[in-house]
Amino acid sequence: MKTITKRENDYSQWYLDVIAAADLAEHSVVRGCMVIKPYGYAIWEKMVSVIDSMLKEKGVKNAYFPIFIPESFLEREKKHVKGFSPELAVVTHGGGNKLQEPLIVRPTSETIIYDSFSKWINSYRDLPMLINQWANVVRWEMRPRLFLRTTEFLWQEGHTAHVSLEEADKYALDILNNVYKRFAEDYMAMPVYTGQKSEGEKFAGAFKTYCIEAMMQDGKSLQAGTSHNLSDNFSKSFNVSFLDETGRKKNVFQTSWGVSTRLIGGLIMSHSDDRGLVLPPKIAPIHVVIIPVNPNEKILDTIQSIRQSLSGIPVEVDLRDNLNPGEKYYEWEKKGIPIRIEIGPKDLEKGEIVMVRRDSGVKKSCPIAGVRLTIEKTLLDIQENLFLKALDRRQKSNGKADSWIAFEQKIRSGGYVFAHWCEGEDCEADIKKKTKAVSRFLSFDADEEGGVHVCINCGKNVVEKKRWAFAKAY
RNA sequence: CGGGCUGUGGUAUAACGGUAUUACGCACGCUUCGGGUGCGUGUAAUCCGGGUUCAAUUCCCGGCAGCCCGACCA
């Protein structure tokens with residue numbers, strides 16, 4: 001079996017090793033695509049079910065739209081098509097004939113959904129319209145990376161229409177803060193910053209792009225989710241309009257927002273160690289694995305009763321007789337199962353089991369009688385511990401810079417660097433060229449600083465009182 | 001798409017241009033079982049297409065794919 005070891009220079013290899021060892025996914029024969037294996041998919045299903053119910057609580061309805069988008073649809077919004085055209089997969093033939101108009105395999109569904117919106121929305125009474133789609137999309141990226149950037153990926157894309165720009169903006173932020181941030185932090189135990197993207201990093205066609213952004217263990221930042229205020233950019237080109245209370249025709253204001261299978265990449269990069277994956281309980285498909293040691297009938301009976309007392313908690317009992325206990329320990333550790341229970345003759349004599357935590361590796365005996373309570377408490381504790389560990393790591397790698405020299409140095413050592421910046425697109429490109437880092441966000445939580453500030457790179461006077469976050473990114 | 005490295009059973013590896021090595025895995029049997037038991041028997045491979053050669057895993061060209069570095073990005 002592969003030994004997983006994190007080294008500075010082949011972090012990517014470590015990441016791939018974790019994916020392989022945990023049996024999450026593998027490369028497909030199709031360039032840039034991946035096969036998500038059952039265990040990896042179970043994690044995705046868990047994410048889907050949580051996010052889906054959070055969205056439904058907000059009144060969002062699920063729907064489904066075609067995978068094919070007529071080329072002319074994409075061309076209606078100029079910035080949109082310009083942003084996406086380099087990475088489109090195009091279908092030119094169907095039924096053995098050349099198509100009159102090429103069909104694009106959706107890279108995102110704004111255009112085809114807004115075509116429907118234009119038919120569905122007539123009155124202010126139809127608003128807000130809140131639609132979500134769970135789907136696959138295709139973007140022909142230059143450099144694919146399992147989970148983080150694959151040619152085809154799974155996601156949810158939400159699309160809403162509102163009566164005013166203010167309402168749309170509020171909604172985009174509501175999803176960001178109350179769905180995405182909450183999911184990332186409370187379920188994935190992955191601390192995120194919320195903020196706004198720079199002009200250069202904005203979604204193609206958006207008025208404003210908001211994001212949640214997480215710091216990975218190797219000091220790079222991952223955009224884990226985005227929410228866009230599209231203003232009326234798309235509704236103008238797709239003629240999505242309504243009559244208001246006074247009978248006046250107006251264009252709607254729209255939002256779109258999405259998270260993808262990239263979240264799984266974020267999960268791996270946030271918590272995994274040299275033994276493999278580490279899953280926060282709220283995402284783990286299995287919470288507890290029970291491994292009998294030298295099992296006899298009595299032990300099997302005890303396991304049955306423990307299992308019953310744990311009803312409602314997903315438990316797996318590993319009864320395979322062709323493996324040693326030790327081999328099983330390694331295997332389940334690689335898969336990131338939060339708690340392992342060992343039970344053998346010696347434990348049974350004492351009326352105890354051995355409980356081992358995946359996050360800390362701490363091993364301890366506890367009485368069978370109170371096992372449910374202990375497990376429940378430990379699961380909560382693991383969930384919290386993983387979040388705090390990740391938060392602590394982020395805090396330690398954070399830095400501030402007030403001079404270019406300090407900026408360059410801090411970028412090199414990884415983590416976020418907070419600095420004053422002029423927000424110029426050319427300036428951003430220049431910073432990227434010099435340091436490989438880009439602006440990640442203007443944090444909503446950042447403090448406004450008084451006094452006069454100059455741009456970290458070009459030295460121009462800066463109006464914005466908050467510092468931008470810069471980092472290398474995926 | 002540019003620069004670098006690489007492509008051999010399921011995985012990891014070996015082979016001066018000459019019968020494709022070894023380990024793990026997998027299957028079966030026995031043996032073990034508190035952190036990767038031991039033994040035996042089996043199973044299975046040169047990315048694709050050209051070229052040079054009596055002979056190509058090895059040399060050359062092209063393609064495809066992976067990894068790293070740029071540009072792109074959820």
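# Exercises on a predicted model of chain A and RNA strand B

With 474 residues, a compact globule would have a radius of gyration near 23 Å, and the 25 Å of chain A agrees with this. The model is predicted.

**Exercise 1. Describe the overall dimensions and make-up of chain A**.

Solution.
- Step 1. Take the extent of the C-alpha trace: along the principal axes of chain A it spans about 80 × 60 × 50 Å.
- Step 2. List the secondary structure: chain A has 14 helices and 25 strands.
- Step 3. Turn to burial: 42% of the 474 residues of chain A count as buried.
- Step 4. Look at the contacts with a separation of 6 or more: in chain A, 68% of them join residues 24 or more positions apart.

**Exercise 2. Work out which parts of the chain make up the surface near RNA strand B**.

Solution.
- Step 1. Start with the residues around RNA strand B, which number 45; those that come nearest are S12, R31, M142, G326 and G344.
- Step 2. Assign elements: at least two residues of this surface come from each of β11 (221-231), α10 (325-334), α11 (345-350), β18 (352-357) and α14 (425-435).
- Step 3. Find the largest share: α10 supplies it, with seven residues.
- Step 4. Sort the surface by class: 17 residues are charged, 15 nonpolar and 13 polar.

**Exercise 3. Is strand β5 buried or in the open, and which strand does it pair with?**

Solution.
- Step 1. Count the buried residues of β5 (residues 89-94): the number is zero out of six, so the strand lies largely in the open.
- Step 2. Find the partner: five bridges join β5 to β6 (residues 97-105), and the two strands run antiparallel.
- Step 3. Pick out one pair: A89 stands opposite V105 in β6.
- Step 4. Examine the connection: β5 and β6 form a hairpin with two residues between them, and G95 in the turn has a positive phi of about 60 degrees.

**Exercise 4. Reconstruct the open sheet that contains β18, and place the helices that pack on it**.

Solution.
- Step 1. Write down the strand order: the five strands run β16-β15-β17-β18-β19, with mixed pairing.
- Step 2. Identify the edges: β16 (315-317) and β19 (363-367) each have a single partner strand, so one side of each is left without a neighbour in the sheet.
- Step 3. Add the twist, which averages 25 degrees from one strand to the next.
- Step 4. Take one pairing in detail: β18 and β19 run antiparallel and are joined by five bridges. The bridge partner of V356 is K363 in β19.
- Step 5. Place helix α9 (residues 297-309): it lies across β15 (288-292), β16 and β17 (339-343), and runs at about 170 degrees to β15.
- Step 6. Place helix α12 (residues 371-397): it packs on the sheet and touches β15, β17, β18 and β19. The direction of α12 makes about 5 degrees with that of β18.

**Exercise 5. Describe the surroundings of N251**.

Solution.
- Step 1. Locate the residue: N251 lies in strand β13 (residues 249-251).
- Step 2. Classify its exposure: N251 has 18 C-beta neighbours inside 10 Å, so it counts as partly exposed. A residue needs 20 or more to be buried.
- Step 3. List the contacts, leaving out residues up to four places away in sequence: N251 touches D232, S235, K236, V240 and S241.
- Step 4. Compare sequence with space for one pair: N251 and F234 are 17 residues apart in sequence, and their C-alpha atoms are 9.3 Å apart.

Definitions and conventions
Residues are numbered from 1 along each chain as its sequence is written. Chains are lettered from A and ligands numbered from 1 in the order in which they are written. This is a predicted model: local features need pLDDT of at least 70, side-chain atom pairs count only at pLDDT 80 or more; totals for chains, interfaces and linings use all residues. A residue is near a molecule or strand if its C-beta atom, placed from the backbone, lies within 6 Å of it. Helices (H or I, at least four residues) and strands (E, at least two) are DSSP runs, numbered from the N terminus. Ala, Val, Leu, Ile, Met, Phe, Trp, Tyr, Cys and Pro count as nonpolar, Asp, Glu, Lys and Arg as charged, and the others, Gly among them, as polar. A residue is buried if 20 or more other C-beta atoms lie within 10 Å of its own, exposed if 12 or fewer, and partly exposed in between; C-beta atoms are placed from the backbone. Two strands pair if DSSP finds at least two bridges between them. The radius of gyration is taken over C-alpha atoms; the globule rule is 2.2 Å times the number of residues to the power 0.38. Two residues are in contact if their C-beta atoms, placed from the backbone, lie within 7 Å. Axes are lines fitted to C-alpha atoms, for helices over the stretch in contact, and angles run from 0 to 180 degrees between N-to-C directions.
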